[in-house]
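Visitor: Could you pick a single part of this model and take me through it closely? I'd like to know what faces in, what faces out, and what lies around it.

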Amino acid sequence: MKRRLAREIIVQSLYQMEMNDVDSAEAVEMLIAEAADENETEHVITDEIELKTYVVQHVNGVWEHKVAIDDMLEHYLKGWQMSRLSRVDRQILRLATFEMVFADDVPAKVAVNEAIDLAKHFGTEDSGKFVNGVLGKMIQEVDTLKGDL
C-alpha cells in the first residue's frame, strides 16, 4: 500500500465529510472506488482492502480527535482561526497533527513533509509554505503535546 495515495484519499475524505455532511464510510468508499476506476491519482492500487482499512482508521481517528486537534492547531495559527483557513489546508493540517500526536506509525518529520507535499498538490500557491510554517512550530513541541494527552 502506498501511504501517499492513502493520505490523498484521507484528505479528500475529510474534505467530503466537512463539505457534504457525509459519514466516513461513504466518503472513503466513494473516493477509493473513484481512485480504482479512474486512477486519476496515477497510483496503482494493489491491495484495496489494506488501503481502505488504513484510510478509514485515519479518517475516523482525525474525526474522533477533531476538537483536540483544532485546539492544538489554534495555538500555532498565529493571527489565524481554523474557520478562516481554506478547507483543504484545514484537512491537511488536521491529518498531519493526527499523525504526529495521536498515531504511532509515522515519524513526525515524515508527517510534516507529506503534509507540505499534499498542500502543494491540493492547495493554493502559498499552501505549502503556510502548512510548513504551522507544522514547523508544532513539531518542535510534539513530545510535549503527546505528553499532555
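Guide: Let's settle a word or two before looking. "Buried" means under 20% relative accessible area, "exposed" means over 50%, and "partly exposed" is anything in between, worked out with a 1.4 Å probe on protein chains only. Helices are DSSP runs of H or I with at least four residues, strands are runs of E with at least two, and both are numbered from the N terminus. This is a predicted model, in which local features need pLDDT of at least 70 and side-chain atom pairs count only at pLDDT 80 or more, while totals for chains, interfaces and linings use all residues. Residues are numbered from 1 along each chain as its sequence is written, and side-chain values use heavy atoms, with hydrogens and water left out.

I'd go for α4, residues 66–76, where Ile-69, Asp-70, Met-72, Leu-73 and Tyr-76 are the buried ones. Those five sit on the same side of α4 because they span an arc of only 160 degrees around the axis, taking the directions from the helix axis to the C-beta atoms. Turn to the other side of α4 and you find Val-67 and Asp-71 exposed. The cover over the buried residues includes α3 (48–64), α5 (87–102), α7 (127–139) and α8 (142–147).

Zoom in on Ile-69, which has its place in α4. With a relative accessible area of 0%, Ile-69 is buried. Ile-69 touches Val-62, Arg-94, Thr-97, Phe-98 and Phe-102, leaving aside residues up to four places away in sequence; a contact here is heavy atoms within 4.5 Å. Take Phe-98: it is 29 residues from Ile-69 in sequence, yet their C-alpha atoms are 6.9 Å apart.

Now step back to what α4 belongs to. The largest nonpolar core has 48 residues, and Leu-93, Met-100 and Leu-135 have the most contacts inside it. Two or more residues of this core come from each of α1 (3–20), α2 (24–38), α3, α4, α5, α6 (108–122), α7 and α8. By "nonpolar core" I mean a set of buried Ala, Val, Leu, Ile, Met, Phe, Trp, Tyr and Cys residues joined through side-chain atoms within 4.5 Å. That fits a general habit: in soluble globular proteins, nonpolar side chains tend to be buried together.

Met-100 is a good place to see the core at work. Beyond residues up to four places away in sequence, Met-100 touches Ala-108, Ala-111, Val-112, Leu-135, Met-138, Ile-139, Val-142 and Lys-146. Leu-135 turns up again beside Ala-115, which also touches Ile-92, Ala-96 and Val-131, with the same sequence neighbours left out. Ala-115 has its place in α6, and counts as buried because its relative accessible area is 3%. To relate Ala-115 back to α4, you can use Glu-74: their C-alpha atoms are 17 Å apart, with their positions 41 residues apart along the chain.

One last stop, for contrast with the buried side of α4: Asp-21, in the loop between α1 and α2. Asp-21 is exposed, at 71% relative accessible area. Its phi is near 50 degrees, a positive value in a residue other than glycine.
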